[in-house]
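The following exercises concern a single protein chain. Please inspect the sequence and the three-dimensional structure before reading each solution.

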Amino acid sequence: MELHVNLGKDSYQIVIEKGLMKRAAQEIREIYQGRKIAVISDDSVYGFYGEDLLKQLGEYWECSTVILPHGEASKSIEVLPEVYKKLLDAGLSRSDLIVALGGGVVGDLAGFVAATYLRGIPFVQIPTSLLAQVDSSVGGKVAVDLKEGKNLVGAFYQPKKVLIDPDVLATLPERYVHDGMGEVIKYGCIKDADLFHLLKEAGDFEGLNAHLTEVIMRCVDIKRQVVEEDQFDTGERMLLNFGHTLAHAVEQKFAYERESHGEAVAIGMYQITRMSEEKGLTKEGTAEEIREILESYGLPISCGVQLSKLKEAMKRDKKNFKNSLRLILLKQIGESMIYPSDLSFFEDDQMV
C-alpha cells in the first residue's frame, strides 16, 4: 500500500509492503537517476540487511557505506565530522543520494547529514525498527543530540521516499519491539480510539502480529495528515509530542543509557495523564486505561525519579516557548489537546 505526503515541492511517497526490502533498488530508481549512493547504517542493522541492499543498489549505482555503532550515542553532534569526511572521501555531490538504513537513531542522524552536507542532498528512509516505521521516518524531523538534551540541533528536511517493510521487524530484539509500541500506543491515545482498542484487544505484540501492516499504516497515515497540516511543528503537529516533554527529560537524566525512547514515552504518557486527570483536565479513568495497555506490551509507567530532578531538562524542551510550556494532554482516549502551561504544572516532590 502507498500513502502520498502532499507537501508541494517536498511531496513524497510512503510505501508499506511485506517483502519490500527485496526490491528496494527498484523503488529508489523511480525517484533517483543519479550516479552515487551512500548508505548510512549501524553495525547491527547492516549485519542483517546491508550486504543484500548494497548488492541491489550496486547494479545501478556506485555505492559507499558509513557504518555507525548502534545505539543513541551515535546520534551525537561529535559523530558528524567523521560522517561528513566519509561522504567527501566517497566523492558524494549534491546530485547524489543518501539512503538511511536503520532505526530512529540512523534515520535522524542520516537525515540531518543529508540536510546539512553541501547545504542539502536528497535522501531515502528505509526504517528497520517499529519506532522508526510508525513515527520517526516520516515527517522530515531530523536531528542530533547534545549532551544537554535530545534533538537540540536539527532541521525540517523531507525524504524523497520512505520504504517500510514490516517483515524486517522479525529480526528486532524484544526490547526494540516494546520500544516501538510506545509510539504506536501514542497514536491511539492522541488521534485514534479504534486503534487503541485494537491494540488492547490484541493484548500483546504476538497477538498484534496479524494486524501489523494495518497498524503501521494507520500510525503513518495519522502522521501524514498531521504533517500535511503543520509541516513545521507550530500547531497540530505538536500533538505528536504526547508524553515527550517528560520522556526527553527522563532520557537525558540517565544519559540515554537506561530507558529507550519508547520506554521513556510510555512513562511520559502515563505520568502526565495521571497528573492532568488529577487536575480535572482529562476524563477520569484514562490514566488507568493507559497503564493497563502499556504494561500488557511490556512498557514501564515510572522511572523512580523526583520531578524536581527532571525540571532542568524540561526547561530546554523545544516546546518551551517564551517561558510557556505547551503540554500535550488527553481529553480522553483518541482526543488530545495543546495545553499552555509552565513548569509549575509539575509538582517538585512528586515521583514519576
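**Exercise 1.** Which residues are exposed on the other side of helix 3?

*Solution.* Two remarks on the source come before the steps. The structure is a predicted model, in which local features need pLDDT of at least 70 and side-chain atom pairs count only at pLDDT 80 or more, while totals for chains, interfaces and linings use all residues. Residues are numbered from 1 along each chain as its sequence is written, and side-chain values use heavy atoms, with hydrogens and water left out.

Step 1. Establish the terms. Helices (H or I, at least four residues) and strands (E, at least two) are DSSP runs, numbered from the N terminus. Buried means under 20% relative accessible area, exposed means over 50%, and partly exposed lies in between (1.4 Å probe, protein chains only).

Step 2. Identify the buried residues. In helix 3 (residues 80-89), Leu80, Val83 and Leu87 are buried. Seen down the helix axis, the buried residues fall within an arc of 65 degrees, so they line one face of helix 3. The arc is that of the directions from the helix axis to the C-beta atoms.

Step 3. Turn to the other side. There Pro81, Leu88 and Asp89 are exposed.

Step 4. Find the packing partners. The buried residues of helix 3 pack against strand 3 (36-42), strand 4 (62-68), strand 5 (97-102), helix 4 (104-116) and strand 7 (141-146). Contact here means heavy atoms within 4.5 Å.

Step 5. Look past the helix. Glycine 91 follows helix 3 and has a positive phi, near 75 degrees.

**Exercise 2.** Describe the surroundings and the pairing of strand 5.

*Solution.* Step 1. Consider burial. Six of the six residues of strand 5 are buried.

Step 2. Separate the two directions. In a regular strand the side chains alternate between the two faces of the sheet. In strand 5, Leu97, Val99 and Leu101 point one way, whereas Ile98, Ala100 and Gly102 point the other way, and all are buried.

Step 3. Find the paired strands. Two strands pair if DSSP finds at least two bridges between them. Strand 3 pairs with strand 5 in the parallel sense over four bridges, and isoleucine 40 stands opposite alanine 100 in strand 5. Strand 5 also pairs in the parallel sense with strand 6 (residues 123-127), over five bridges. Here alanine 100 stands opposite glutamine 125 in strand 6.

Step 4. Follow the chain. From strand 5 the chain crosses through helix 4 to strand 6, in a right-handed β-α-β crossover. Right-handed means that, with the strands pointing away from the viewer, the path from the first strand over the helix to the second runs clockwise.

**Exercise 3.** How many bridges join strand 11 to strand 12?

*Solution.* Step 1. Strand 11 (residues 324-332) and strand 12 (residues 335-341) run antiparallel and are joined by seven bridges.

Step 2. Within this pair, leucine 330 stands opposite serine 336 in strand 12.

Step 3. The two strands form a hairpin with two residues between them, and glycine 334 in the turn has a positive phi of about 90 degrees.

**Exercise 4.** Are lysine 186 and glutamate 183 buried or exposed, and how are their side chains joined?

*Solution.* Step 1. A salt bridge is a side-chain nitrogen of Lys or Arg within 4 Å of a carboxyl oxygen of Asp or Glu. By this rule the count comes to 33 salt bridges.

Step 2. One of them joins lysine 186 to glutamate 183, at 2.7 Å from N to O. These residues are three apart in helix 6 (residues 174-191), and are therefore separated by about one helical turn.

Step 3. Lysine 186 is buried, at 0% relative accessibility, and glutamate 183 is buried, at 0% as well.

Step 4. For contrast, take the salt bridge between glutamate 148 and lysine 147 (3.2 Å, N to O). Glutamate 148 is partly exposed at 32% relative accessibility, and lysine 147 is exposed at 73%.

**Exercise 5.** Locate glutamate 251 and list its partners.

*Solution.* Step 1. Glutamate 251 lies in helix 10 (residues 244-253) and is buried, with a relative accessible area of 2%.

Step 2. A network of salt bridges links Glu72, Lys75, Asp108, Asp145, Lys150 and Glu251.

Step 3. The side chains of glutamate 251 and histidine 261 are joined by a polar contact of 3.1 Å. A polar contact is a pair of N or O atoms within 3.5 Å; within protein, one must be able to donate a hydrogen and the other to accept it, and residues adjacent in sequence count only if both atoms are side-chain atoms.
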